[in-house]
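User: I'm new to this one and would like to learn how to read a few of its features. Could you walk me through them?

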Amino acid sequence: MKAARQAVEYAAMQLGFSGMGVAPADADQGNCLRHWVETGCHADMSWMERHLSARENPQLLLPGVKSIIMLTYEYPRSDARRESGTMARYAQGEDYHKIISAKLADLDETLSFYGGEQRCFTDSGPVSERFFAARAGLGWIGRNGLLVRLQGGSYCFLAGILTTLDLPTDEPIANHCGKCRRCEEACPTGALRDGSCDARLCLAYWTIEAGEGARMPAKVKEALGERMYGCDACQEACPWNSRESKGRIDARLLMPAKVARVQAKDLASMGDEEWQNYFAHSPVRRTGAVHLRKNIEAMHSSM
Ligand code: B12
Ligand code: SF4
Ligand code: SF4
């Protein structure tokens, strides 16, 4: 199956992915995930609970799966809205799910040619993407809980392909966090502990995922600052992110000028139609105008 691996790797690089590695599908994930859910760290993300068995056992997603191909796709390294309500770097441009899924479909076709059956995902299925990316040698799981790479740090999306093909696998690399704890120190709410992120305290959870009825605790609100959507503090602090990445950035992931310029207060008072006009193709759309307005209100009441 060396030829299949070479073919998919070549195609992935042509399609703009910046890295690829392969993990064995039966790699032991330990009980970190179960412990995380059982101790309530997933807050009200009940989907994390519902698909726990599948996350722990990829055979439930694709019977006969032998290998998991993990891929990285770069996203912008700067925040275009520094002055007017910040947005997480990953969400600056068009929705990555669509961009990456189309590329994964091409890779699926390549693998089918070699007789494989596949399931593809990019933050769209119950698969522990960071675990398999680290097992595939793409980087290590840092104290910020993210996949950190020697080249490019953590500013990348992860995507993967479960396949029934038995591909040559990669070895994990060493953890290079050493004695550094900058991410833990930089986290405004103390959400990071022992390399794990407690969503109940995480600003990314509160500004992106929290359900309609959830009320932001005072401690979280006080720490919000200018964050309108998502949080990058534990990535900004990481020394591995100050190194440039080799991968090129897809222009569709850059923020359109009109979104970069509009003030948070103007977004909050916009009607639904105008709002759609700003965020029609953005991942922010999934979170919705109501949630974004709530974030902006909380931002202003905490300052
Ligand atoms: C739920 C979720 C969140 C939640 C919870 C965060 C969290 N840390 O889990 C919230 C909404 C808070 C969130 C926030 C963010 N997220 Co998020 N999120 C996810 C999601 C959907 C699942 C993650 C998960 O399973 N969490 C549960 C915990 C327990 O799992 P885990 O930390 O990965 O641990 C596993 C392994 O690491 C392993 N493990 C860890 N330590 C050890 C030790 C040993 C010995 C062993 C054996 C195993 C092991 O075991 C665990 C189970 O497999 C993934 C996509 C996916 N399907 O994987 C994206 C994902 C992790 N998120 C991503 C991003 C970009 C973010 C944000 C940066 C967004 C932002 N800027 O606002 C923040 C960062 C917050 C942070 N520091 O983690 C990217 C990360 C890319 C990268 N380079 O790592 C992902 C991979 C999405 C993607 N496809 O690109 N996220
Ligand atoms: S995303 Fe922000 S709040 Fe969440 S763990 Fe990182 S620094 Fe802390
Ligand atoms: S800031 Fe330091 S401890 Fe945190 S992930 Fe980066 S290198 Fe590791």
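**Reading the cysteines, two loops and a ligand shell**

Analyst: Sure. This is a predicted model. Let's begin with a cysteine: C41 counts as buried, because its relative accessibility is 12% and the cut-off for buried is under 20%.

User: How many disulfides are there?

Analyst: The idea is to look for pairs of cysteine sulfur atoms within 2.5 Å. By this rule the count is 0. C41 is in no disulfide, as its nearest cysteine sulfur belongs to C197 and is 8.3 Å away.

User: Why is C197 not bonded to C202?

Analyst: The sulfur of C202 is the closest cysteine sulfur to that of C197, but at 3.9 Å it is too far for a bond. C197 itself is partly exposed, with a relative accessible area of 25%.

User: What about phi? How do I read that?

Analyst: In general, most residues other than glycine have a negative phi. Here D123 has a positive one, near 55°. You'll find D123 in the loop between strand 4 (118–121) and helix 6 (129–135). D194 also isn't a glycine, and its phi is positive at about 50°. That residue sits in the loop between strand 8 (192–193) and strand 9 (196–197).

User: How exposed are D123 and D194?

Analyst: D123 is partly exposed, at 48% relative accessible area, while D194 is exposed, at 75%.

User: And which classes of residue make up the shell around ligand 2?

Analyst: Sort the neighbours by class: you get 9 nonpolar, 1 polar and no charged residues. Among those around ligand 2 are C187, C202, C231 and C234, along with P188 and T189.

How values were computed. Residues numbered from 1 in each chain as written. Chains lettered and ligands numbered in written order. Predicted model: local features only at pLDDT ≥ 70, side-chain atom pairs only at ≥ 80, totals over all residues. Heavy atoms only, no water. Helix = DSSP H or I, 4+ residues; strand = E, 2+ residues; numbered from the N terminus. Buried < 20%, exposed > 50% of the residue type's maximum accessible area, 1.4 Å probe, protein only. Near = heavy atom within 4 Å. Nonpolar A, V, L, I, M, F, W, Y, C, P; charged D, E, K, R; others polar.
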